[in-house]
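Colleague: Before I rely on the labels used for this region, I would like to hear the reasoning behind them, one label at a time.

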Amino acid sequence: MSDTPPCIQCGSEYTYEVQDMITCPVCGYEWHKYAGPLDDNNDGDNNVITDANGQILQDGDTVTVIKDLKVRGSSSVVKVGTKVKNIRLVDGDHDIDCKIPGIGAMQLKSEFVKKV
């Protein structure tokens, strides 16, 4: 029997561990295994978004990009170390809305940033 916790998004018991992440094969949700348990008094919001190091992100946080990211439809690249201020968390695959200096409005995946 697996000692991984159930999925924090859909509740499935069939989760498995890949490196530092726990993955749910049912809904595809992934989270950092060190993120800690959810608070049951969170008004029904089960979306906990963490950075690459497992720290919980909130609206208004400042993050740093940890990997060069190509901008789709452009020859621009968001370089490692780019600081992004005042992020906004949204639902979806790209769960961070932000404005990147020199590029403009973008959506990022939380797995490619770390909290400052």
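Modeller: In this predicted model, the hairpin of β8 and β9 has 6 residues between the strands, and G92 takes a positive phi near 125° there.

Colleague: How do you know that β8 and β9 are paired strands?

Modeller: Two strands pair if there are at least two bridges between them, and 2 bridges join β8 (residues 88–89) to β9, so the requirement is met. The bridges place R88 opposite D97, while L89 has I96 as its partner in β9.

Colleague: What joins β9 to β10, and which way do these strands run?

Modeller: Strand β10 (residues 104–108) is joined to β9 by 5 bridges, and the two run antiparallel; K99 of β9, for instance, stands opposite A105 in β10. The hairpin of these strands has 3 residues between them, and G102 takes a positive phi near 85°.

Colleague: What makes β8 and β10 the edges of the sheet?

Modeller: The 3 strands form an open sheet in the order β8-β9-β10, with antiparallel pairing. Since β8 and β10 each have a single partner strand, they stand at the edges, so one side of each is left without a neighbour in the sheet.

Colleague: And why is β9 called largely enclosed?

Modeller: A residue counts as buried when its relative accessible area is under 20%. In β9 (residues 96–100), 4 of the 5 residues are buried, and therefore the strand is described as largely enclosed by the rest of the structure.

Terms used. Residues numbered from 1 in each chain as written. Predicted model: local features only at pLDDT ≥ 70, side-chain atom pairs only at ≥ 80, totals over all residues. Heavy atoms only, no water. Buried < 20%, exposed > 50% of the residue type's maximum accessible area, 1.4 Å probe, protein only.
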